[in-house]
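This briefing is intended for a reader who is meeting the structure for the first time. The points after the display are grouped by topic.

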Amino acid sequence: MNESVQDVPAEHDPYGALRLRNFRLYVTGNCIAVLGLQMQTVAVGWEIYERTQSNLALGLVGLTQFIPTFALALSAGQIADRMNRKAIVMAALALIALASLGLVAISAWQADVGMMYGCLFLSGMARAFQQPAKASLLPQIVPPDRFANAVTWSTGGFHLASVLGPAVGGLIIAWGRAAAPVYLLDAVASLVFLMLLVGVRARPSAVPTGAFTLRALAAGLGFLRRNQVIFGAITLDMFAVLLGGATTLLPVYAEDILSVGPTGLGCMRTAPALGALGMALVLAHRPPFVRAGTKLLAAVAGFGVATILFGLSRSYAFSLLVLFVAGALDNVSVVIRHTLVQVLTPDELRGRVSAVNGLFIGASNELGGFESGLFAYLFSPTISVVGGGVGTLAVVAIAALAWPRLREYGTPGGVDQGVPGQAPAHTRDHRPLTLPSPPHDP
């Protein structure tokens, strides 16, 4: 398919961000922490389903972690804009490690499953504060001219950890038939990231003026409401994954439908991340392209089709294939959404806008998990997954009609890209979108 492209810069250092010591410490620690999180996610799903045999219990995992994200998002964003973002991330990592150690004890002594939800709730609280602070910390670590390159390496590390984490977690569980060692490794991973952050030096952020008021608290929401392109992109992504995500029900498919056990579960959890990593490499090596709005809608529609095919599949190999494709297509949506947030948001609002963006991510991932588990409980896993894919296609059609500026975004003839976060939103709604590389970090 032919498309217009912008001129590629004559000189480009692909390792520019990695030459910075502060960024090397940050990206290494973040990659290790994501590896631990992905391993723990597999372990939690396996242990809860192994002990309860309940689809609803799996769905409650997502709901438990979404509630604190929803309740604390706006406050966490305001705090990230007014306090030391690095210190916030470090405190959150310490709390995440504590929650993981709680899971170790519960699993080792086979305590009540309900206590696991308490640890997941505590971890959700910590991540609610970590997400906006970490998302807005990266521009303080690297200069603007290396920002896109930093995003490239940061997200590459994230996807690599997302590929390895589920597979390693599944292998550890299969080897010992226990989840406690995985929870312990996640606690260690969080503490490693915390220690590496101690050596990171970040530039001061632009602190907003005025008191800590409800109006200031909601400034991020107001900014997004006025920008149809950003709001449309993150809303589309939220509802697509909310309806079309089959991740929560993978333990059911692994054990009851495809009969592939914990090792197969780890591979199925890995397949979408592997697809996302592959797409990240493709996008990182291709020239900047335009008509991003159309590509966003097409990618989300393809994600819905892949979800339907997975729900109907009874072949393990074909299931891995469509999960791979779903991950690759989902990453296109993630790239566009995160790029818009970084490019169009002023620094003094970045924490609050990142918090709202994180809320949308939490709604799609965690609340979507509850939705999938509930519909599987009321009907069947197949109806839940296939119905979600059909719902995703309906959301794409509605979004294309409801947000014409999103549909038309990226048409040739826009203004220059500029520096992330400096241009008013209304001046950039129709410019060609330059995608630096896939930034996906929950």
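A80 has a relative accessibility of 0% and therefore counts as buried. The residue is found in helix 2, which spans residues 55-82. The model discussed here is predicted.

**Two buried positions**

- A80 touches R85, I88, P132, A133, S136 and G351, leaving aside residues up to four places away in sequence.
- One of these partners, A133, is 53 residues from A80 in sequence, yet the two C-alpha atoms are 5.0 Å apart in space.
- S123 is found in helix 4, residues 113-141.
- With a relative accessibility of 5%, S123 falls under the 20% limit and so counts as buried.
- Leaving aside residues up to four places away in sequence, S123 touches I96 and A99.

**The chain as a whole**

- The protein chain has 16 helices and zero strands.
- Of its 442 residues, 57% count as buried.
- Among contacts in the protein chain with a separation of 6 or more, 85% are accounted for by residues 24 or more positions apart.

**The largest nonpolar core**

- The largest nonpolar core has 40 residues, and the members that touch the most other members are I48, Y183, M268 and F310.
- Helix 1, residues 21-52, gives the most to this core, with seven residues.
- I48 touches Q53, A57, L58, V61, V113, M116 and Y117, not counting residues up to four places away in sequence.

**Helix 12 against helix 15**

- Helix 12 covers residues 292-312 and helix 15 covers residues 381-402; their axes come within 7 Å and cross at roughly 165 degrees.
- Because angles over 145 degrees count as roughly antiparallel, helix 12 and helix 15 are roughly antiparallel to each other.
- Helix 12 passes helix 15 in a left-handed crossing.
- On the helix 12 side, the residues in contact include L297, V300, F303, I308 and F310, the last of which is also named among the core members that touch the most others.
- On the helix 15 side, the contact includes T382, V385, V386, G389, L393 and V396.
- By class, this contact of helix 12 with helix 15 has 15 nonpolar, six polar and no charged residues.

**Helix 10 against helix 15**

- Helix 10, residues 250-257, packs with helix 15 at an angle of about 135 degrees, and their axes are 11 Å apart.
- That angle makes helix 10 oblique to helix 15.
- The crossing of helix 10 and helix 15 is left-handed.
- V252, Y253 and I257 of helix 10 make the contact with P381, T382 and V385 of helix 15.
- By class, the contact of helix 10 with helix 15 has five nonpolar, one polar and no charged residues.
- T382 and V385 of helix 15 are thus named in the contact with helix 12 and in the contact with helix 10.

**Backbone angles in two loops**

- Most residues other than glycine have a negative phi.
- Q110, although not a glycine, has a positive phi of about 50 degrees.
- Q110 is found in the loop between helix 3 (85-108) and helix 4.
- R177 is not a glycine either, and has a positive phi of about 50 degrees.
- R177 lies in the loop between helix 5 (147-176) and helix 6 (180-198).
- At 47% relative accessibility, R177 counts as partly exposed.

Notes: Residues numbered from 1 in each chain as written. Predicted model: local features only at pLDDT ≥ 70, side-chain atom pairs only at ≥ 80, totals over all residues. Heavy atoms only, no water. Axes fitted to C-alpha atoms, helices over the stretch in contact; angles between N-to-C directions. Helix = DSSP H or I, 4+ residues; strand = E, 2+ residues; numbered from the N terminus. Parallel < 35°, antiparallel > 145°, perpendicular 65-115°, else oblique. Left-handed = near helix turned anticlockwise from the far one by under 90°. Contact = heavy atoms within 4.5 Å. Nonpolar A, V, L, I, M, F, W, Y, C, P; charged D, E, K, R; others polar. Core = buried A, V, L, I, M, F, W, Y, C linked by side-chain atoms within 4.5 Å. Buried < 20%, exposed > 50% of the residue type's maximum accessible area, 1.4 Å probe, protein only.
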